[in-house]
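Here is a short report on one protein model and its bound ions. Please look over the structure before reading on.

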Amino acid sequence: MAKNVLALSAIALTSLLAVGCNSQTGATLPQGSSLQALGTSGVAASYIVSSARALPADFRNTVARNGDQLVSVDEAAGFANVVTKNPSAYGRFADIVVRDLTLQWIPSENDAKFKTVALDETAALTATNPNTNTRYPLLWGLQAVHAPQAWAAGVRGKDATGRKVRVAVLDSGIFKSHPDIAPNLNTELSTSFVSGQTYYDMQGTTFNHGTHVAGTIAAADNNIGVIGVAPDAEIVAVKVLSAKTGSGSFAGIIAGITYAADIDADVINMSLGATLPRRSYIDDNGTPNDTSDDVRVSANEITAITTALSRATTYAYNKGTTIIASEGNDAIDKDKSADIISVPADSAHVLSISATSPEGWGQDPTTNLDVLTSYSNFGASAVNFAAPGGDSRLPGEAPCTVGGLTRPCWVFDMVLSTNVNGGYTWAAGTSMAAPHASGIAALIIGQSGGRMNPAAVASELAKRASDLGKPGNDPAYGGGRVSSGF
Ligand SMILES: [Ca+2]
Ligand SMILES: [Ca+2]
C-alpha cells in the first residue's frame, strides 16, 4: 500500500540498537525471584535497576561510591538507570537488573512508510482570520467522539474550580511556542529524559510526532488553527524519544512514566510502541546481510525488561494516573499472537487504543467515521477502545474540497494537528487515535471534579463509548469507540 501511513513503528525486531552479548541468568518473574540479566563483565553498559519496593534513600551515594554513572533514579518508584561495568553490584537492591534496550518506538522522518501531508500554512499566517479555530471544519475526529457536544455543555477538560486536567504526553518533545500549544503547555513541568536534548529541541525536523499528538489532546480554543478534544486541559511534554530518530530507551520511557505519576498527571498518553517476541531471538543490528554484528537477546532479558515496564505502569496506576497507549500499526491480530508482546500497549493497567477512520469523508461528509483502519492492530484480548486515527487508503488522487481547501480526497481522511514552526500537518496512525482517547479521558476527569481513580475513568469510558461491531467487546473496537457521552 503505497499510501499506507504508519505513525508507529513496524515490528521493531530490526530496530534493537543497544544490546550486548548474552550472559544472562535468572528465574521467571513474578514469583519474588531474582532476575539478573547481567552483562559482559568489564564492559560498561546501561542497566535498568527495578525493585518491587522503593530503593533506599542513599541509593545515589552507592552509585557514586561504585564509580558508576546514575542516569536517572526514582527511589519511591523503585527504579534507577545506571551505567556500570558491574551490574551485579546492584543485585542486593533490586530483583531486576537488566541491560537497557533502545528501540524505534515511532518512525523516523526518513521512514518511507510514514506519510505526512503539510497544510502549508502556519498559525502566524492565519492569525488575522476572524473565524474561530480556522481549521475546525477539517477535524472529523472531533465529531466522531462527540467533543463539540461536550464543550457546549461546558465540559472542556478542567474541573469546576478551573484546575486543568493534566495530561503528560510521553513522546518526541514538543514545539513549545506553537500558538495552538503554548496556552495549554506547562513549561515548568515539561522535561526530557533523552540525554542531551531539551523537551523542546526539534533538531531541524519538519514533522514532530509529539507536537501532533499534543494538539489532538488539547490544542487551544482560539481564533486560529485546530482545537483539541479537551481544549482546556493542560499538556506536560515528557520527552522520551529522540525528535530526530524516534528511538528511545526502555529506561527513558520508564523514567517518563514514573515522573508523570510523581507530578500527579491525570492521564499519560503514549502514542508509541514496539513489539518483542517472548522468546530469545537474534537481532541483526539493522544489517540483515551481515551476521558479524548480530546479537542475541535472551527470553529472560525480554521478560525482565517488560516486567520492569509493567511495574512502572502499575506504579502510575496506583498513584491515580490513567494510562493510554496506541495499539500499534502492524495490522496484527493480537488474539493469534501469543508469541509476541507489544509494549506499552500490553503492559499492566494500560488502555490500548485501535484506530478508526472514514474512507472518503472528503467526498461524502455523512460517510461512516468508524471503520477500522487498514493498519491498526486488533484483537478482543488486546484492544480496550477505538478512536479516530485516520487512514489514506482511499484510492486515487481525485481532488476534494473541504473547509475551503482542495487536496486529494484521501488527505481529508487523515488527522490534522499541530506541527513544528507553528504549522499544521495531516498524519494517521494509532498514534493519532490514542490522543483522541486521552482527550475524552480528560473531559471525563474534568467533568467529574478533577482527580479520578483510573479504574473509575476506564469504567466511565466504557459506559460512554459507542458500541460498534458485534455487541459488547469485539476485536476491532474493544469496548467501543470512545465518546464524550454528550
Ligand atoms: Ca486553535
Ligand atoms: Ca462491540
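The report below covers confidence, overall fold, ion sites, aromatic contacts and a few selected elements.

**Confidence**

This is a predicted model. The protein chain averages a pLDDT of 89. Of its residues, 89% score at least 70. Residues 1-34 are another matter: pLDDT stays under 50 there. The model has 125 contacts beyond four places in sequence for that stretch. Where pLDDT is low, predicted coordinates should not be read in detail.

**Overall fold**

The protein chain has 486 residues, and 61% of them count as buried. It holds nine helices and 24 strands. Contacts reach far along the sequence. Among those between residues at least 6 apart, 76% join residues at least 24 apart.

**Calcium sites**

Two calcium ions are described here, ligand 1 and ligand 2.

| Ion | Donors | Distances |
|---|---|---|
| Calcium ion (ligand 1) | N133 (OD1), D180 (OD), D180 (OD), A220 (O), N222 (OD1), I224 (O), V226 (O) | 2.3 to 2.9 Å |
| Calcium ion (ligand 2) | D467 (OD), L468 (O), K470 (O), G472 (O), D474 (OD) | 2.2 to 2.5 Å |

For ligand 1, the donors follow the spacing N-x46-D-x39-A-x1-N-x1-I-x1-V along the chain. D180 appears twice in the list of donors, each time as OD. Two of the donor residues, N222 and I224, are buried.

For ligand 2, the donor spacing reads D-L-x1-K-x1-G-x1-D. Is its donor D467 buried or partly exposed? D467 has a relative accessible area of 43%, so it counts as partly exposed. The class runs from 20% to 50%.

**Aromatic pairs and a charge over a ring**

The structure holds eight aromatic pairs. One of them joins F59 and Y90, with ring centres 5.9 Å apart. Their planes meet at 55°, so the pair is tilted. The edge-to-face class would need over 60 degrees. This pair links distant parts of the chain, 31 residues apart. F59 lies in helix α1 (residues 59-65). Y90 lies in the loop between β4 (79-84) and β5 (96-99). Both F59 and Y90 are buried.

F412 and W426 form another aromatic pair, this one edge-to-face. The centres are 6.0 Å apart, with 85° between the planes. It too links distant parts of the chain, at 14 residues apart. F412 sits in the loop between β22 (405-408) and β23 (415-418). W426 belongs to strand β24 (residues 423-427). F412 has 1% relative accessibility and therefore counts as buried. W426 is buried as well, with a relative accessible area of 0%.

F59 and Y90 also belong to one aromatic cluster with F93. Elsewhere, a charge meets a ring. The charged end of K176 sits over the ring of Y200, 3.9 Å from its centre.

**Helix α5**

How many of the ten residues of helix α5 are buried? Ten of the ten are, so the helix (residues 209-218) is largely enclosed by the rest of the structure. Among them are H209, H212, T216 and A218. The cover over the buried residues of α5 includes several strands: β8 (166-171), β10 (234-239), β12 (267-270), β23 and β24. Helix α8 (430-447) is also part of that cover. Strand β24, one of these elements, is the strand that holds W426.

**Strand β2 and its partners**

Strand β2 (residues 45-50) is mostly covered, with five of its six residues buried. It pairs with β4 in the antiparallel sense over six bridges. With β5, the pairing is again antiparallel, over four bridges. S50 takes part in both pairings. Its bridge partner in β4 is F79, and in β5 it is I96. The loop between β4 and β5 is where Y90 lies.

**A77**

A77 is found in the loop between β3 (69-74) and β4. Its relative accessible area is 9%, so A77 is buried. Which residues does A77 touch, not counting those up to four places away in sequence? They are S51, T258 and Y315. A77 and Y315 are 238 residues apart along the chain. Even so far along the sequence, their C-alpha atoms are separated by 6.6 Å.

Note on methods: Residues numbered from 1 in each chain as written. Chains lettered and ligands numbered in written order. Predicted model: local features only at pLDDT ≥ 70, side-chain atom pairs only at ≥ 80, totals over all residues. Heavy atoms only, no water. Donors = N, O, S within 2.8 Å, 3.2 Å for Na, K, Ca; no water. Buried < 20%, exposed > 50% of the residue type's maximum accessible area, 1.4 Å probe, protein only. pLDDT = per-residue confidence, 0-100. Contact = heavy atoms within 4.5 Å. Phe/Tyr/Trp six-rings, centres within 6.5 Å; stacked < 30°, edge-to-face > 60°. Helix = DSSP H or I, 4+ residues; strand = E, 2+ residues; numbered from the N terminus. Lys NZ or Arg CZ within 6 Å of the ring centre and 35° of its normal. Pairing = 2+ DSSP bridges.
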